[in-house]
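User: Please go through this model with me, one question at a time, and give the reasoning behind each reply.

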Amino acid sequence: MAKLVFGLNQSLDGYVDHQAMVPDTGLFRHFIEQVRSVAGMLYGRRMYEVMRYWDDDLPDWDAEERDYAAVWRRRPKWVVSRSLKSVGPNATLVEGDVEAAVRGLKARLDGEIEVAGPDLAGSLTELGLIDEYRLYLRPIVLGRGKPFFIGPRAPLRLVASDRIGENTIRLTYVPA
């Protein structure tokens with residue numbers, strides 16, 4: 001059975017904004033290895049549209065960016081959306097009963113399924129489907145953006161803390 005893991009970069013004041021928080025080299029390498037190891041990724045529409053950046057090959061990418069793109073493209077992706085009519089390569093559109101679809105993925109797959117997008121994670125949290133939360137705290141104060149947690153949630157229990165790269169602390173929590 002797969003485990004659903006919601007993890008994103010977060011500012012010290014609790015916001016998610018991928019345009020404002022570019023990872024340092026160590027953190028980017030960590031994300032490459034993380035994506036390499038997951039069973040797949042589950043995206044909300046907005047996060048999927050941000051990540052579609054990796055479907056293209058840009059001439060100014062360095063070797064690590066090309067490596068990330070190659071790894072990302074190989075992983076299966078499921079996109080939860082009511083407005084998209086189609087999705088890109090190696091991606092499946094999830095429509096209708098999201099809870100049943102996600103429970104089916106968890107039952108069918110082994111390993112970790114990465115959940116990306118605070119809105120989607122909030123909905124899956126309400127359904128009791130998120131197994132683990134990974135907060136990558138970055139030494140940035142944004143004062144704006146999307147909160148990591150959308151709405152209140154049941155208490156969490158800290159199970160790990162790690163330093164990643166030069167300036168990031170990863171806090172790993174599970175439902176208490």
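**Strand, core and helix contacts**

Analyst: Leu 137 has its place in strand β7, which spans residues 132–138; the model is a predicted one.

User: How far apart in space, C-alpha to C-alpha, are Leu 137 and Arg 163?

Analyst: Leu 137 lies in strand β7, and among the residues it touches, leaving out those up to four places away in sequence, are Gln 10, Ser 11 and Asn 167. Leu 137 and Arg 163 are 26 residues apart in sequence, while their C-alpha to C-alpha separation in space is 9.6 Å.

User: Which helix gives the largest share of the largest nonpolar core?

Analyst: The largest nonpolar core has 45 residues, and those with the most contacts inside it are Leu 42, Tyr 68, Val 115 and Leu 124. The largest share of this core amounts to five residues, and the element that supplies them, residues 25–37, is helix α1.

User: Are α1 and α3 roughly parallel or roughly antiparallel to each other?

Analyst: The axes of α1 and of helix α3, residues 63–74, come within 9 Å and cross at roughly 25 degrees. Angles under 35 degrees count as roughly parallel, and therefore α1 and α3 are, with respect to each other, roughly parallel.

User: How many residues of the contact of α1 with α3 are nonpolar?

Analyst: α1 passes α3 in a left-handed crossing. The contact involves residues of α1 including Phe 28, Phe 31, Ile 32 and Val 35, and residues of α3 including Tyr 68, Val 71 and Trp 72. Alongside one polar and six charged residues, the number of nonpolar residues in the contact of α1 with α3 is seven.

User: Which tryptophan is in contact with Tyr 68, leaving aside neighbours within four places in sequence?

Analyst: Tyr 68 is among the residues with the most contacts inside the largest nonpolar core. With neighbours within four places in sequence left aside, Tyr 68 is in contact with Phe 28, Phe 31, Ile 32, Val 35 and Met 51, and the tryptophan in contact with Tyr 68 is Trp 54.

User: Which residue just after α5 takes a positive phi?

Analyst: Helix α5, residues 118–126, has buried residues that include Pro 118, Leu 120 and Leu 124. Just after α5, a positive phi of about 75 degrees is taken by Gly 128.

User: Does Asn 90 count as buried or partly exposed?

Analyst: Asn 90 is found in the loop between β4 (77–80) and β5 (91–94), and although Asn 90 is not a glycine, its phi is positive, at about 60 degrees. Because its relative accessibility is 38%, and buried would require under 20%, Asn 90 counts as partly exposed.

Terms used:
Residues numbered from 1 in each chain as written. Predicted model: local features only at pLDDT ≥ 70, side-chain atom pairs only at ≥ 80, totals over all residues. Heavy atoms only, no water. Core = buried A, V, L, I, M, F, W, Y, C linked by side-chain atoms within 4.5 Å. Buried < 20%, exposed > 50% of the residue type's maximum accessible area, 1.4 Å probe, protein only. Helix = DSSP H or I, 4+ residues; strand = E, 2+ residues; numbered from the N terminus. Contact = heavy atoms within 4.5 Å. Axes fitted to C-alpha atoms, helices over the stretch in contact; angles between N-to-C directions. Parallel < 35°, antiparallel > 145°, perpendicular 65-115°, else oblique. Left-handed = near helix turned anticlockwise from the far one by under 90°. Nonpolar A, V, L, I, M, F, W, Y, C, P; charged D, E, K, R; others polar.
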